[in-house]
Amino acid sequence: MGDASSLTTFERRESEVRGYIRAFPVVFDSAKGSTLVDADGREYLDFFAGAGTLNYGHNNPVFVRALIEYLERDGIIHGLDMATSAKKAFIEAFETHVLAPRGFDYKLQFTGPTGANAVEAALKVARRATGRSNVVAFTNGFHGLSLGALAATGNSHYREFAGVSLGDVTRLPFDGYLGAGVDTLDLFEKMLDDPGSGLDLPAAVILEAVQGEGGINVASAPWLRRLRQITADRGILLILDEIQSGIGRTGSFFAFEESGIVPDIVTASKSISGSGLPMSLVLLRPEVDVWEPGAHTGTFRGNNLAFVSARAALETYWTDTAFTDGVRAKSGLLRAELQRLADARPDLGAVVRGRGLMYGFAVDSDRTLARRVSAEAFRRGLVIETSGAFDEVLKFLPALTITEDELRRGLGIVEESLDAVLAAGGSEDRTLVGASEATD
Ligand SMILES: *Cc1c(COP(=O)(O)O)cnc(C)c1O
């Protein structure tokens with residue numbers, strides 16, 4: 001390893017907070033589609049896609065071209081939240097390709113560029129619109145790490161760093177949390193209607209239709225419809241956090257679409273710009289748009305480069321069903337292959353769950369296995385992450401543009417890695433994972 005690939009600069013100078021660098025300890029240098037290249041020229045297949053930020057692949061040539069042209073004509077890069085032609089074109093494309101075909105009537109709020117920024121805005125406006133403070137969030141939900149969003153996030157690993165109390169959120173069990181036979185909404189409904197339950201009437205309920213960081217837990221369509229009914233009947237706003245599950249990830253633009261519900265508020269970020277440039281969006285039903293001018297401001301609410309690639313993404317992939325048809329076809333392959341991996345190793349008791357190209361291979365019988373397989377797969381040239389409260393879920397999140405060949409190749413690496421880890425035996429064995437010694 002030459003100096004270009006050395007990690008000592010990061011170890012010397014970057015905060016201990018650094019995370020993914022520990023699981024994938026190389027210096028990445030370039031990327032295209034589903035391939036990452038490190039500073040030594042070694043290639044890695046990407047099954048992580050920036051945690052769902054790169055649904056259209058790395059450096060998608062359509063977006064790169066649009067961005068270069070925009071830069072070369074001196075298109076405005078920063079404009080606070082002033083009107084720009086790039087923003088106008090994005091809004092019009094969003095109306096044409098997302099809102100109109102679905103019959104949605106949402107106002108668009110552009111927040112600061114991170115997902116947490118969008119969640120903060122969504123919670124704030126919901127509290128303002130209802131005059132109530134309590135919010136219901138679910139077990140294993142992930143909504144970001146700024147204080148308001150963190151209060152709605154379940155994972156104690158993140159919560160314990162808050163340093164202040166995380167209030168005004170009531171946690172309830174997500175769909176499936178108490179096993180397949182229990183409809184967890186029975187509890188919610190009973191608590192809402194019982195003045196002795198201790199549950200303050202919430203301003204809003206926030207959830208992911210498919211939980212990403214929490215272990216790829218899928219809310220069923222009937223459960224979502226019942227939740228919509230419960231909330232609508234009582235004037236509780238329903239917020240769908242589509243930051244990870246959205247923008248085609250589950251086979252439709254938003255993951256909630258399959259259920260037919262219409263949320264009051266929707267948050268989008270990660271893949272909304274298409275290119276990986278930071279951008280966030282909050283969709284508000286017009287009655288919920290109770291903001292006053294400038295009441296929720298911020299410097300970076302107009303990332304015009306992001307608007308350029310976001311518009312290109314909508315106009316390239318969302319004018320017909322070819323893109324989502326492709327996602328569904330690859331989804332069938334992914335599910336079948338994962339189920340085959342699980343069935344061939346019954347002792348593991350692995351559970352395959354997910355939708356679209358968002359799948360988990362959950363191994364509760366050995367909660368260190370997924371982490372070890374991820375490390376071994378990286379050694380063999382595949383970037384794949386884990387999720388779940390114990391990191392017990394191997395998480396499949398490839399770019400939606402991945403080819404069937406690449407998908408099969410990556411799945412082959414996963415199978416080899418799984419077998420290598422199982423052959424090495426012992427949940428504490430670290431000999432295979434030298435490259436990830438620093439992983440938490
Ligand atoms: C990633 C994520 C967030 C937070 O986004 P950041 O850009 O990391 O702040 C919120 N909600 C969900 C569902 C996410 O996956």
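A salt bridge is a side-chain nitrogen of Lys or Arg within 4 Å of a carboxyl oxygen of Asp or Glu. In this predicted model, the side chains of glutamate 16 and arginine 22 satisfy that rule, with a distance of 3.5 Å from N to O. Glutamate 16 has a relative accessibility of 57%, and because exposed means over 50%, this residue counts as exposed. A further salt bridge joins arginine 285 to aspartate 264, whose closest N and O atoms are 3.4 Å apart. By the same rule, the count of salt bridges comes to 29.

Attention then turns to the ligand, which occupies the space of the largest pocket. The residues around the ligand are Thr114, Gly115, Ala116, Phe142, His143, Gly144, Glu208, Asp241, Ile243, Gln244 and Lys270. When this shell is sorted by class, three residues are nonpolar, five are polar and three are charged.

Several polar contacts with the ligand can be described atom by atom. A polar side-chain atom of aspartate 241 is found 2.7 Å from a nitrogen atom of the ligand, while a polar side-chain atom of lysine 270 is placed 2.7 Å from an oxygen atom of the ligand. Glycine 115 takes part through its backbone, one N or O atom of which lies 2.8 Å from an oxygen atom of the ligand. Taken alone, the ligand exposes 380 Å², and the protein buries 82% of that area. The ligand in the largest pocket is thus described both by the residues that surround it, including Phe142 and Gln244, and by the contacts that its nitrogen and oxygen atoms make with aspartate 241 and with lysine 270.

Note on methods
Residues are numbered from 1 along each chain as its sequence is written. This is a predicted model: local features need pLDDT of at least 70, side-chain atom pairs count only at pLDDT 80 or more; totals for chains, interfaces and linings use all residues. Side-chain values use heavy atoms; hydrogens and water are left out. A residue is near a molecule or strand if one of its heavy atoms lies within 4 Å of it. A polar contact is a pair of N or O atoms within 3.5 Å; within protein, one must be able to donate a hydrogen and the other to accept it, and residues adjacent in sequence count only if both atoms are side-chain atoms. Accessible areas come from the Shrake-Rupley method with a 1.4 Å probe; for residues, only the protein chains shown count as cover. On a 1 Å grid over the protein atoms alone, a cavity is a set of points where a 1.4 Å probe fits but cannot get out, and a pocket is an open set with protein on both sides within 12 Å along at least five of seven lines; lining residues have an atom within 4 Å of a point. A molecule sits in a cavity or pocket if more than half of its atoms lie within 2 Å of its grid points. Ala, Val, Leu, Ile, Met, Phe, Trp, Tyr, Cys and Pro count as nonpolar, Asp, Glu, Lys and Arg as charged, and the others, Gly among them, as polar. Buried means under 20% relative accessible area, exposed over 50%, partly exposed in between (1.4 Å probe, protein chains only).
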